[in-house]
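Notebook open, coffee at hand. Here is what I looked up in this structure, starting with how the inside is packed.

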Amino acid sequence: MTYDHLNVELLPQMLQDLVAMIALPATMKIVEARGGTALYVPVKHLADNHYLVQLIGREAAEILQGEYHGEELSIPTALKAMRAIRNAEIRAKRRHMSEAMLAREYRMSDRNIRFICNEIS
């Protein structure tokens, strides 16, 4: 998924705060991996093989650790933003894929694909 045209205002405030700290790509990696669940930010040194370092990179992980060390963050699912991203992808792919192909790829009905492609973004 790409987040090039994501309106950050679609994200819950907690995620907007993370975007301000660690940028949009790292924030969305956390949402994709842990949305709807808790993420513990460790107090101790982050090893190179630590989950958070592997997920978002050392620099972003250390920024999070500096702000939230020892806390458990409840990561929102960001459904509104994720839906907007999905719909933009569908509209872009519609130029070279049929509604039926898109419906199968996104596990939706062709009617929903048509609706998404016809709505004004």
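I began with the nonpolar cores of this predicted model. The largest one holds 28 residues, and Leu11, Met28, Ile30, Ile56 and Leu64 have the most contacts inside it. I then checked which elements give two or more residues to this core, and found helices H1 (13-22), H2 (24-34), H3 (51-56), H4 (58-68) and H5. H2 gives the most, with five residues. Another core lies apart from it; this one has eight residues, including Met97, Leu102, Ala103 and Met108.

Two of those names led me to helix H6, residues 99-106, where the buried residues are Leu102, Ala103 and Tyr106. Looking down the axis of H6, I see its buried residues within an arc of 105°, so they line one face of the helix. That fits the general picture: an α-helix has 3.6 residues a turn, so residues three or four places apart point the same way. I also looked up the packing partners: the buried residues of H6 pack against helix H5 (79-93) and helix H7 (110-118). Just after H6 comes arginine 107, with a positive phi near 55°.

Next, the whole chain. I count seven helices and two strands, in the order α-α-β-α-α-β-α-α-α along the sequence. The radius of gyration is 17 Å, well over the 14 Å that the globule rule gives for 121 residues, so the protein is more spread out than a compact globule. Its C-alpha atoms fill a box of roughly 50 × 25 × 20 Å along the principal axes.

Last entry: 36% of the 121 residues count as buried. Accessible surface comes to about 7,600 Å², with 50% belonging to carbon and sulfur atoms.

Terms used
Residues are numbered from 1 along each chain as its sequence is written. This is a predicted model: local features need pLDDT of at least 70, side-chain atom pairs count only at pLDDT 80 or more; totals for chains, interfaces and linings use all residues. Side-chain values use heavy atoms; hydrogens and water are left out. Buried means under 20% relative accessible area, exposed over 50%, partly exposed in between (1.4 Å probe, protein chains only). Helices (H or I, at least four residues) and strands (E, at least two) are DSSP runs, numbered from the N terminus. The arc is that of the directions from the helix axis to the C-beta atoms. Contact means heavy atoms within 4.5 Å. A nonpolar core is a set of buried Ala, Val, Leu, Ile, Met, Phe, Trp, Tyr and Cys residues joined through side-chain atoms within 4.5 Å. The radius of gyration is taken over C-alpha atoms; the globule rule is 2.2 Å times the number of residues to the power 0.38. Accessible areas come from the Shrake-Rupley method with a 1.4 Å probe; for residues, only the protein chains shown count as cover.
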